[in-house]
Amino acid sequence: MSARLLVRLAVVLGAVAAAVAVAGAPAAAHPLGNFSVNQYHGLRLYPDRVEDHAVVDFAEIPTVQERGVVDGDGDGTVTDAERSAYAARECPTLAAAVTVTADGHTLRWTVAASSFTDVPASGGLSTTRLTCTLTAALATPATVGVTTRYHVDRVGWREITAIGDGVALPGSPVPAASTTDELRRYPDDLLSSPLDVRSVSLRVVPGAASSSPSAAAALPAAPSFLARAERTLRDLAGGRLTPLVGVLAVLLALVLGAGHAALPGHGKTVMAAYLAGRRGRPRDAVLVGATVTASHTGAVLLAGLVLSLSASLAGETLLAYLGMASGVLVTAVGIGMLATARRARPHHGHTHSHGHGHHHAHDHGDHGHSHGPQERRGRLALVGMGLAGGLVPSPSALVVLLGAVALGRTAFGVGLVVAYGLGMAATLTAAGLVLVRLRDRWRPERRWPRLARLAPSLTGALVLLVGLSLAARAVLTVA
């Protein structure tokens, strides 16, 4: 391992924990993540034809999924001949998905050139670029429309540019130069609102030839601390494996998991509501953390297996289904909390009618007997929250696992995923313990006894609403 990588790792380990809560979504080579399929269509219009320089940039996970299709003989090695054959098959598919019209009449694309190349990425994985040059006959003047429906089911950056050569494009709604240098780099100021241009209508009239503009000067996005740490982990997992590298990779996976859990999501709202409203104990927070570790590790392994075996299933679709299951679990926990609160109302009214001494004895005995089922239901609710918090796998952990598997280091990759889950569990457990400590010191039931009696119902309703919103968001993603 190089000294530069060691220094980089040391800086990251010191900075990630402090910066992670405000790091936000990490900037990366692909603005919409490792699942994305990004597209660029560079239109050039001539007096007699229209050309489309189409580029498709497959991120790491779609590249892994497509590898079995590219590797025609299935020997595990993709040759130049297999890449050329794949491009020759896929470019006509792309051409069929890109509609071009002139004054409302459909034109027919011809594939003039095709190529498919690997671009080395971190962690032993690679990304791929499919390049297709399409051409269609055109009589000008005309109104030309182009619409792409290629991989509409995949999340990704979609960009269209247009330039005239011997013709003019008055009022063109798209730029003449690529903002991303044809998907090679993504400007930082556009990452928060990625381009999604799927169609364009151009008025083509005779005119002076346009000069070919140079590519837009787009600076690479400045990666956040969390993004640097993720990249370093992938470099460690995909580099030369030594005991020192292995230990550093595990430590970094722990830090990354902890940082990932500090970001929005992972059931922290639900856990806070439960521990505050149900008088949770420290061991309840530990149970949630342990369940998160198990569920996240299992989810990453399951997602890695499914995505490796299927080239047609979109990674974001799989995550949406897992998100739907997470929402259903949280909804079930909320319903259970409301049902428990409803059953508890008559019991609490009965105990308050007794004297203080008898009330204490009765309450103690009740906890030894009739509260047994309630305790079991409480533990099931905690397990359900832990499952919901870890059920949606981190794409970064998934990329690390797939990269390790590609290099024949499956056990090492699984170990890093487990460490990642333990880091998540540590953050969630610490958050739960802090919540329990604050609630014990604050004693809201003494300050606002009426509100305290309503707390189980209110928190149950909050958990139910969170679960329904998670499930609805996942359904909308799938739809």
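1. Strand β1, which spans residues 37-45, is largely enclosed by the rest of the structure, because 8 of its 9 residues are buried. The model under review is a predicted one, and this enclosed strand is a convenient place to begin reading it.

2. On one side, β1 is joined to strand β2 (residues 49-58) by 9 bridges, and the two run antiparallel. The connection from β1 to β2 is a hairpin of 3 residues. As a point of reference within this pairing, Gly42 has His53 of β2 as its bridge partner.

3. Strand β1 also pairs with strand β8 (residues 158-164), this time in the parallel sense, through 7 bridges. Here Gln39 stands opposite Arg158 of β8. For the student, a general remark may help: strands of a sheet pair through backbone hydrogen bonds, and the pairing can be parallel or antiparallel.

4. Which order do the strands of this open sheet follow? The order is β5-β6-β2-β1-β8, a sheet of 5 strands with mixed pairing. Strands β5 and β8 each have a single partner strand, so they stand at the edges and one side of each is left without a neighbour in the sheet. From one strand to the next, the twist averages 15 degrees.

5. At the β5 end of the sheet, β5 and strand β6 (residues 126-137) are paired in the antiparallel sense over 10 bridges. Within this pairing, the bridge partner of Thr117 is Arg129 in β6.

6. Two helices should be examined together with this sheet. Helix α2 lies across β1, β2, β5 and β6, and runs at about 75 degrees to β6. Helix α3 lies across β1, β2, β5 and β6 as well, running at about 125 degrees to β5.

7. The two helices also pack on each other. In general, two packed helices are described by the angle between their axes and the distance between the axes. For α2 (residues 60-70) and α3, the angle is about 100 degrees and the axes are 10 Å apart. Angles of 65 to 115 degrees count as roughly perpendicular, and α2 and α3 are therefore roughly perpendicular to each other. On the α2 side the contact is made by Glu66, Val69 and Val70, and on the α3 side by Glu82, Arg83, Tyr86 and Arg89. Sorted by class, this contact has 3 nonpolar residues, 4 charged residues and no polar ones.

8. Tyr86 deserves a second look. How many aromatic pairs does a search of the whole structure find? The search finds 1. The pair consists of Tyr86 and Phe116, whose ring centres are 4.6 Å apart; their planes are at 55 degrees, so the pair is tilted. Tyr86 belongs to helix α3 and Phe116 to strand β5 (residues 110-120), so that the pair links distant parts of the chain, 30 residues apart.

9. Are the two partners of this pair buried or exposed? Tyr86 has a relative accessibility of 1% and counts as buried. Phe116 is likewise buried, with a relative accessible area of 7%. The cut-off behind both statements is a relative accessible area under 20%.

10. A further open sheet of 5 strands has the order β4-β3-β7-β10-β9, and its pairing is antiparallel. Its edges are formed by β4 (105-106) and β9 (167-168); each has a single partner strand, so one side of each is left without a neighbour in the sheet. Helix α3 (residues 80-97) packs on this sheet, where it touches β3 (98-102) and β7 (142-148), and its direction makes about 50 degrees with that of β3. The helix thus deserves attention in both places, since it also lies across β1, β2, β5 and β6.

11. Two pairings of this sheet involve β10. Strands β7 and β10 pair in the antiparallel sense over 6 bridges, and Ala142 stands opposite Val204 of β10. Strand β9 is joined to β10 (residues 199-206) by 2 bridges, again running antiparallel. In that pairing, Val205 of β10 is the bridge partner of Ala168.

12. Finally, some totals for the chain. Its secondary structure comes to 14 helices and 10 strands. Of its 479 residues, 45% count as buried. Among contacts between residues at least 6 apart in sequence, 80% join residues at least 24 apart.

Methods:
Residues numbered from 1 in each chain as written. Predicted model: local features only at pLDDT ≥ 70, side-chain atom pairs only at ≥ 80, totals over all residues. Heavy atoms only, no water. Pairing = 2+ DSSP bridges. Helix = DSSP H or I, 4+ residues; strand = E, 2+ residues; numbered from the N terminus. Contact = heavy atoms within 4.5 Å. Axes fitted to C-alpha atoms, helices over the stretch in contact; angles between N-to-C directions. Parallel < 35°, antiparallel > 145°, perpendicular 65-115°, else oblique. Nonpolar A, V, L, I, M, F, W, Y, C, P; charged D, E, K, R; others polar. Buried < 20%, exposed > 50% of the residue type's maximum accessible area, 1.4 Å probe, protein only. Phe/Tyr/Trp six-rings, centres within 6.5 Å; stacked < 30°, edge-to-face > 60°.
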